[in-house]
Amino acid sequence: MGHFDDETAIRHEGDGRWTTSITDRWNIGQTANGGYATLAALRSLCEITEQPDPMSVTTHFLRPVDAVGTATIEAELVKRGRRVSVGRASLELDGRQRLTTTGAFGDLTRDIGADGAVTVAPPEVSPPERCVPRAELDQGIELPILDRVDVVIDPSCARAGGSDRAVVSGWVRFTDGTDPTTMALTMFADVFPPSLYPLMGSVGWVPTIELTVHVRRRPAPGWVLARFECDDLAGGRMIETGSLWDSSGALVARSRQLGLLLER
C-alpha cells in the first residue's frame with residue numbers, strides 16, 4: 001500500500017459513520033491540502049454508493065483542516081442508480097465540521113451511450129525532466145505535501161510575476177511510484193501553485209472555498225499533465241479552471257475552483 005492509500009484510509013464505525021487519521025504530511029503551510037482532506041469523505045461515498053469511480057465531486061470547505069488526529073465522517077446515500085449513484089458526506093475534526101462533499105459515482109470502464117471525438121487536447125509543456133520542481137518556486141509558504149507528490153512546473157510559468165498570464169502548467173505524480181487513480185485525480189486537481197502566481201508573484205496560501213472535479217477517464221500509469229488558469233478575479237475572489245491529461249494524452253479530469261486571494 002502506498003502513502004496515498006494508507007494515509008487516506010477510512011474505518012467503518014457503523015450507522016453511516018467512518019473515522020480517518022488526519023496527518024500533516026499533506027499540508028500546505030499549517031493546513032491540510034484541500035484535495036487530501038476530501039479523500040476520506042470520498043472513500044466513504046465510494047463504499048455507500050458501491051461504485052468504483054468518482055465522476056463528479058463538489059466540496060465546500062467550511063473551515064481549514066489545521067489539526068492532526070482522528071476525524072469523523074458522516075455519509076448518506078442520496079440516490080442509487082444502475083449507472084450513477086449519488087451521496088453526500090461531511091468531515092468533522094476536533095468537534096468542528098470542516099467540509100461537506102457531494103459526489104456522483106459510477107464505473108468509468110462502462111460505455112453507457114454515445115462516444116465521439118469531443119475532447120480537449122493537451123497543451124505544449126516541457127517534459128518533466130526540463131521542468132522546475134515546485135519546491136524551488138518562490139511561493140512564500142512551506143509545502144510538506146511535496147514529500148508525497150512530485151509537482152514540476154513548466155519554465156514559462158515558474159517565475160513569480162514573470163508572465164502576463166495567470167496560467168500554471170506542469171506535471172504531477174506520487175513520490176513513492178504509486179500509479180494515479182480516479183480518486184487521486186480529485187487531489188491532483190488541487191496540488192499545483194495558484195495560477196495567479198506567474199502573473200502576480202508570490203501569493204502564499206490561497207484558501208479554497210469550493211472545488212468541483214469532473215473525472216472523465218481512468219488514468220494510465222505515469223505522470224499526469226495539468227494546466228490551470230485563473231479566468232476571473234474580483235474583490236479577492238478567484239475562479240480557476242483546470243484540466244488534467246494522463247501519460248497517453250487522454251483527458252482524465254476537469255476542475256473548477258473558487259478561492260480567496262488574501263491580503264498579506
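**Note on cysteines, Ser 195 and the nonpolar cores**

1. The sulfur of Cys 131 lies 8.1 Å from the closest cysteine sulfur, that of Cys 157, which is too far for a bond. Cys 157 is likewise in no disulfide, its nearest cysteine sulfur being that of Cys 131. The model, which is predicted, has a count of 0 disulfides. A pair would need its sulfur atoms within 2.5 Å to be counted.

2. Both residues of this pair can also be described by their accessibility. Cys 131 counts as buried, at 9% relative accessibility, and Cys 157 counts as buried at 4%.

3. Ser 195 is placed in the loop between α3 (182–188) and α4 (197–200). Ser 195 is buried, because its relative accessible area is 0%, and the cut-off for this class is under 20%. Its side chain makes a polar contact of 2.6 Å with the side chain of Glu 240. Beyond four places in sequence, the residues that Ser 195 touches include Ala 166, Val 167, Val 168, Phe 228, Cys 230 and Met 238, as well as Glu 240.

4. The largest nonpolar core has 57 residues. Helix α2 (residues 34–49) supplies the largest share of this core, 9 residues. The residues with the most contacts inside the core are Val 149, Met 187, Phe 188, Phe 192 and Leu 244.

5. Leu 244 is in contact with Leu 185, Phe 188, Ala 189, Val 224 and Leu 225, among others outside its neighbours within four places in sequence. Leu 225 belongs to a second, separate core of 8 residues, which also includes Val 125, Val 152 and Trp 245.

Methods:
Residues are numbered from 1 along each chain as its sequence is written. This is a predicted model: local features need pLDDT of at least 70, side-chain atom pairs count only at pLDDT 80 or more; totals for chains, interfaces and linings use all residues. Side-chain values use heavy atoms; hydrogens and water are left out. Helices (H or I, at least four residues) and strands (E, at least two) are DSSP runs, numbered from the N terminus. Buried means under 20% relative accessible area, exposed over 50%, partly exposed in between (1.4 Å probe, protein chains only). A polar contact is a pair of N or O atoms within 3.5 Å; within protein, one must be able to donate a hydrogen and the other to accept it, and residues adjacent in sequence count only if both atoms are side-chain atoms. Contact means heavy atoms within 4.5 Å. A nonpolar core is a set of buried Ala, Val, Leu, Ile, Met, Phe, Trp, Tyr and Cys residues joined through side-chain atoms within 4.5 Å.
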